[in-house]
Amino acid sequence: MKAIATPHWRLELLPASPYCVRYVVAENEIGFAYDCQTGEHSIGTDRRSSFKVRANSLAVRAKGWDVYSSSRRGGEYLRLICKDFEVRRGCHDVVDETAAGIARRLRSLLITQADMLDCEALVLALRDRVDGLPETGAEPSADWITPRRLRLIDDLIDARLSENLLVTDLSAALGLSTRYFARAFHKATGRSPREYIIECRLRRARALIETTDRSLADIALECGFSSHAHMTSQFVKRVGVAPSALRSA
């Protein structure tokens, strides 16, 4: 099993192998089956029944449900346990092409242990795609992100930029759900929180490249990039030049 975990969510990639599990769902969770699977299960009941799920299908399980599932063959399976996810209704064997595309990209990131911020963006995209019911609650106003709140966000980013800082960390610092925070931040700044974090990384990296002789690999890690190559790709994409070209200039 491959897994990535933060204080707000945990992502697991389970191998295609026989299994027999029983557990109580600790947090609301989303499951995605990459392969067709058959077996026996019971969800929220003691009565077991045969099941068959299609390849590229979703399942949603709510906190507190008693789950039993077994399969002689199994199949590769993605499991997303997410605290900031409200289950309005459970589902089973639901096929959605957009969600499938997101899940396939998440599998690639899990296998390669790629950048956490990229992984979080896909986690939140999958969560929002699965949550197909209309959103409830107040819509944030454009001035909800006040100068004081923006300074708090900037201070947190500055202090933790070399870490795997995620959007969920910023929303938690303000005591907000990730979805509400992201909408409020975008209304106030015209950018998503993820884009803002990347911009802060690039700004610090550019200053270090231009004012120090530290290696580009060290600067990449100092600024929160997963590798020198990752930093270079972000510079080329967003600044238009490679870090090495900045240093040469």
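Of the contacts in the protein chain between residues at least 6 apart in sequence, 72% link residues at least 24 apart. The model is predicted, and its protein chain contains 9 helices and 10 strands. Buried residues make up 43% of the 249 in the protein chain.

**Overall dimensions and surface**
- The C-alpha trace of the protein chain extends over about 70 × 40 × 25 Å along its principal axes.
- About 12500 Å² of the protein chain is exposed, and 51% of this area comes from carbon and sulfur atoms.
- The protein chain carries 37 positive and 32 negative charges, and the mean positions of these two sets lie 3 Å apart.

**Largest pocket**
- The volume of the largest pocket is about 580 Å³.
- Its lining comprises 30 residues, and those nearest the centre of the pocket are Tyr19, Val21, Arg61, Ser69 and Tyr77.
- Strand E7, covering residues 57–61, makes the greatest contribution to this lining, with 5 residues.

**Surroundings of Ala62**
- Ala62 belongs to the loop that connects E7 with strand E8 (66–71).
- Ala62 has a relative accessible area of 12% and therefore counts as buried, the cut-off being under 20%.
- When neighbours within four places in sequence are set aside, the contacts of Ala62 are Val25, Asn28 and Val87.
- Ala62 and Gly90 are 28 residues apart along the chain, while their C-alpha atoms are separated by 6.8 Å.

Methods
Residues are numbered from 1 along each chain as its sequence is written. This is a predicted model: local features need pLDDT of at least 70, side-chain atom pairs count only at pLDDT 80 or more; totals for chains, interfaces and linings use all residues. Side-chain values use heavy atoms; hydrogens and water are left out. Helices (H or I, at least four residues) and strands (E, at least two) are DSSP runs, numbered from the N terminus. Buried means under 20% relative accessible area, exposed over 50%, partly exposed in between (1.4 Å probe, protein chains only). Contact means heavy atoms within 4.5 Å. Accessible areas come from the Shrake-Rupley method with a 1.4 Å probe; for residues, only the protein chains shown count as cover. Lys and Arg count as positive and Asp and Glu as negative; His and the chain ends are not counted. The place of a charge is taken as NZ of Lys, CZ of Arg, CG of Asp or CD of Glu. On a 1 Å grid over the protein atoms alone, a cavity is a set of points where a 1.4 Å probe fits but cannot get out, and a pocket is an open set with protein on both sides within 12 Å along at least five of seven lines; lining residues have an atom within 4 Å of a point. Grid points are joined across faces, edges and corners, and a volume is the space filled by probe spheres set on the points.
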